[in-house]
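Here is a short report on one pocket and its surroundings. Look at the structure, then read on.

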Amino acid sequence: MASNGTTEEVDLYEVLGISKTATKSEIKKAYHKAALQHHPDKVAEPEREASELKFKSVSQAYEILHDEEKRHMYDTHGMAAFDGSRGGGMGGGVDLDDILAQMFGMGGGMPGMGGENGIPRRPRKGRDEEQKYTVTLEELYKGKAVKFASTKNIICSHCTGTGGKKGATANTCDRCKGNGITVGLRQVGPGLVTQERMVCDACQGNGKTFKEKDRCKRCKGKRTTSEKKVLEIFIPPGAREGERITLEGEADQVPDQTPGDIVFTLVEEDHEIFQRAGDDLSAELEITLAEALTGFSRIVLKHLDGRGIHLTRPAGQILKPGQILRVDGEGMPHRNKNIDEKGDLYLVVKVIFPDSNWTQDEASFAALKKVLPGPEPSIEVTGEIDEAEFDSDADIEEFGANSGDPRAGGGWEDDDEEEDGQPQCTQQ
């Protein structure tokens, strides 16, 4: 590479066959696949030498991209951040420039690389700007267009990103010696420091500076100016938590680089009524004891778009606490299908019982006993019958308290699960 950077270089993401937004897990999987494919022990003898070179190339690409700090340096500065000739480099191991030069027939390593022999090439891309965007469940149900003002750096139109006046000559930066990168020490613990490569703050990574009298009057030699722009994102109906919406090329512009993207990650707010899983929704259906026994016909729920959900339950069809009703097609819109198609709505029945002493009318109690099914036959016993007193507000957590028995408290309800919700293993 030239000391002031170059706009094209070998793409390590393509070496591993992954996208620039690949996760660490995807990088690892791609590395394992490529390493297995190019492992020298897996090929015939005549192909072994070339396979060794490819294997080393894949390993070096993985070493850089799987490490967050190295990946950031690569995304920001390309392979210049690991060029040992500029003082330091990655240290140890095989030099990636040499490997790629041998693999693809390049002379002289990374500087001046062309696109011959099918070498992947790409303009170096600037950093993406990651932001979280909080949305309500109503907005995810109906979709939403959001406009916002964004202030970003753009290439100075007056000097076209050189930082100097027309005809002025730039000088090699004294601080970084033209590398665009300086090496400093960063404390990582008590008495522990590590070397860290940083963008030179004197030349902003350009490797060149202008004398004050030769600097561009508009950008003051910074090569970029500030611009405010109105941007818009569209959240499609049915979008989910964690979904990413990308505005391509709308991040800060940097000379000699393709602008990065602004990436919004959706964060779904908790809802007071609905819970969501995929394209399905669930909610509680509160009904009175009378409705549970005699049926009802009414609006039971206000949906996310304001519509009322009306249900009819015929008399005689009893609803029990915890019973589940499914309403087909009243869930969330399908994200990747026809938005008119929706998931389902699951209603969990919650019966609201009347308070104690809700009536003092003995005739009413007599009428209920007459209408409702009678009790089970009396239990036959052979011993004495004790009249027991009881506490009607007991707590199941007191069951077996301080006994050391694993079945104590509420454990008997979930004895198949540990505290973290994972299944227990039964010893044989």
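## The second largest pocket

The second largest pocket has a volume of about 500 Å³. A pocket is an open set of points on a 1 Å grid over the protein atoms alone, where a 1.4 Å probe fits, with protein on both sides within 12 Å along at least five of seven lines. Its volume is the space filled by probe spheres set on the points.

This is a predicted model, where local features need pLDDT of at least 70, side-chain atom pairs count only at pLDDT 80 or more, and totals for linings use all residues. Residues are numbered from 1 along each chain, and side-chain values use heavy atoms, without hydrogens and water.

## The lining

The pocket is lined by 18 residues (an atom within 4 Å of a point). K20, R71, D75, D128 and E130 lie nearest its centre. Helix 2 (24-38) and helix 4 (68-77) each give two or more residues to this lining. Helix 4 gives the largest share, four residues. Helices are DSSP runs (H or I, at least four residues).

By class, eleven lining residues are charged (Asp, Glu, Lys and Arg). Four are polar and three are nonpolar.

## Helix 4

D67 caps the N-terminal end of helix 4. A side-chain oxygen of D67 lies 3.0 Å from the backbone nitrogen of K70. In the helix, R71, M73, Y74, D75, T76 and H77 are buried (under 20% relative accessible area, 1.4 Å probe, protein chains only). G78 follows helix 4, with a positive phi near 70 degrees.

## A contact of E130

T265 touches E130 (heavy atoms within 4.5 Å). T265 is buried, with a relative accessible area of 18%.

How values were computed: Buried means under 20% relative accessible area, exposed over 50%, partly exposed in between (1.4 Å probe, protein chains only). A polar contact is a pair of N or O atoms within 3.5 Å; within protein, one must be able to donate a hydrogen and the other to accept it, and residues adjacent in sequence count only if both atoms are side-chain atoms. Lists of a residue's contacts leave out its neighbours within four places in sequence.
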